[in-house]
Amino acid sequence: MRSIWNGSISFGLVTIPVKTYSATDRTSSVSFVRIHEKDGAQIQYRKICELDGEEVPNEEVGKGYQAAGDDAIVPITDEDLSRLPMPTAKTLSILSFVDPDEIDPLQMDKAYYLGPNGAAATKPYALLREALEDHRKVALGKVAMRGRESLAMLRAHNGAIVMHTLLWPDQLRPATGVAPDDVELRENELTLAETLMDSLGELDPAELHDDYREAVEELVAAKLEGEPVAPAASGTSGAQVIDLTAALEKSVRTARGGREAGTEAESASVTPIRGRKAAKKGETEQGAAKKSGAATKKATGKKTASATAKKAPAKKTPAKKTAAAPKAAGGRAKGTSTAKKTATAGTSKKTASKSTAKKTAAKKTIKRSSA
C-alpha cells in the first residue's frame, strides 16, 4: 500500500515515526457517471469562472475562504497556511487515554493504518500497541491531515495501530425532534425483543457482501449481451400497521428455526400472549375441575365407609385370638396365661363355696324334720 501521510506519534517524551495508509477501499462501491440521455455521451464538469464565463485550467485553481454571513471571498495561499502555528501538521500528539465506551460512534469519520517508519520506530511502536491492548484503552489526540486538523483516536487492532479521525463535538447534530416521546412499552414486548436478539446468534463478517452491487453488475452484463432484464421481486410495503407482539413472536420462532432442528425449535418457541392467557385459563379450569372431582370422590368415599360401618354387624373376637394378639405384638402371652389361670382358680373356688353352702342348708333341714 502507498502511504498517504508521514509523521510521528508523540507519546510523552517518546516519538514514534509512522506512515499512514488508508484502511478502507470505497472503489468497490457502486458508482455511476452522468450521461446525456439523447446520445449516451458522458457529461463533463468544467471549471468556469463566474466573471468572464471562461473555463479555468487546474493550475490556475486556488483556495479561498468565505466567512459566515459575508459574501466576500478571501484568497488563501499554501504559503499563508504554512505560516500558521500548527504543531499537529507532522505530529500526532496524544492528549489522554480513555475507555473505548467514552467515544461516541457518531464521531467516527475515517480509518487509517499506522505503521512504523524505519527500524528505529519498531520497538516504540510495538510498545504503544501492546500498552493499548493490555490496558484496554484508546488514545486521544489531534492531527492535521490534508489541510485540516482533526481529533484522532488510536487503538490496537490485528497487530497494528489503527487511527480513526473524529469529528469535533460541535459537528454533531442533536437528536431533538427525531425520537418519539412518551411511548408505553409492555414488559412482555421488551422480553420478546431481547429474546429475538439472543436468538439471532453470532454473525460472521466474512459472509457479508454487497447484494446491490452484485445486482447492478448482473444488470450491466445482461444489457451488454442484449438479454432481457429480469423483473425485480415484488416486496411488501414497510408502512404497515402490525401487531408488535405477534411480529416479535414470529421473528423469534423464525430465528430459532434457522439455528435448531425442527423439534428443538418447536420446543423452544414462544407461546403467543393471547394463547398463553387462554391456556392459563384452561389450565386453571382443568385444575379446579380436578380438585372438585377429588373432593367429591373423597367425600363420597367417607360417606360410603361410614354407611358400611353402620350396616356391618360388629364381629365378636374369639378369646383365643384376643389372647394371641399380645403375643404377636411383643411377647405378652405369658402374662395373659397367668391371668387366665388366676381367673380359672377363682371360678373353681366360687363353685366349691356354693356346693358347701348347699350341703350345710341340707343338714339344717334334716335336723328340723327330726325335731
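How many nonpolar, polar and charged residues are in the lining of the second largest pocket? By class there are 7 nonpolar, 2 polar and 3 charged residues, where Ala, Val, Leu, Ile, Met, Phe, Trp, Tyr, Cys and Pro count as nonpolar, Asp, Glu, Lys and Arg as charged, and the others, Gly among them, as polar. Keep in mind that this is a predicted model: local features need pLDDT of at least 70, side-chain atom pairs count only at pLDDT 80 or more, and totals for chains, interfaces and linings use all residues. Residues are numbered from 1 along each chain as its sequence is written, and side-chain values use heavy atoms, with hydrogens and water left out.

**Pockets**

- A quick word on terms: on a 1 Å grid over the protein atoms alone, a pocket is an open set of points with protein on both sides within 12 Å along at least five of seven lines, while a cavity is a set where a 1.4 Å probe fits but cannot get out; lining residues have an atom within 4 Å of a point.
- Grid points are joined across faces, edges and corners, and a volume is the space filled by probe spheres set on the points.
- The largest pocket comes out at about 330 Å³. It has 14 lining residues, and Asp109, Met145, Arg148, Ser150 and Thr165 are the closest to its centre.
- Two or more lining residues of the largest pocket come from each of strand E6 (108-116), strand E7 (138-145), strand E8 (148-157) and strand E9 (160-166); strands (E, at least two residues) and helices (H or I, at least four) are DSSP runs, numbered from the N terminus.
- Sorted by class, the lining of the largest pocket holds 6 nonpolar, 3 polar and 5 charged residues.
- The second largest pocket has about 280 Å³ of space, and its lining includes Trp5, Asp78, Met86, Lys90 and Met145.
- Helix H1 (78-82) and E7 each give two or more residues to the lining of the second largest pocket, and H1 gives the most, with 3 residues.

**The E3-E4 hairpin**

- Strand E3 (residues 63-66) runs antiparallel to strand E4 (residues 73-76), with 4 bridges; strands pair if DSSP finds at least two bridges between them.
- Gly64 has Pro75 in E4 as its bridge partner.
- There are 6 residues between the two strands of this hairpin, and Gly69 in the turn has a positive phi of about 80°.

**Helix H2**

- H2 (residues 122-135) has 14 residues, which at 1.5 Å a residue should span 20 Å, and its end C-alpha atoms are indeed 20 Å apart; the expected span is 1.5 Å times one less than the number of residues.
- Pro124, Tyr125, Leu128, Arg129 and Leu132 are the buried residues here (buried means under 20% relative accessible area, exposed over 50%, partly exposed in between, with a 1.4 Å probe and protein chains only).
- Those buried residues cover an arc of only 135° around the axis, so they sit on the same side of H2; the arc is that of the directions from the helix axis to the C-beta atoms.
- Lys123, Leu127, Asp134 and His135 are exposed on the face turned away from the buried side of H2.
- Right after H2 comes Arg136, with a positive phi near 55°.

**Positive phi in loops**

- Most residues other than glycine have a negative phi.
- Asn158, in the loop between E8 and E9, has a positive phi near 50° and is exposed at 73% relative accessible area.
- Asp182, in the loop between E9 and helix H3 (187-199), has a positive phi near 55° and is exposed at 81%.

**Leu95**

- Leu95 belongs to strand E5 (residues 91-98) and is exposed, with a relative accessible area of 58%.
- Leu95 and Ala139 lie 44 residues apart in sequence, with their C-alpha atoms 7.4 Å apart in space.
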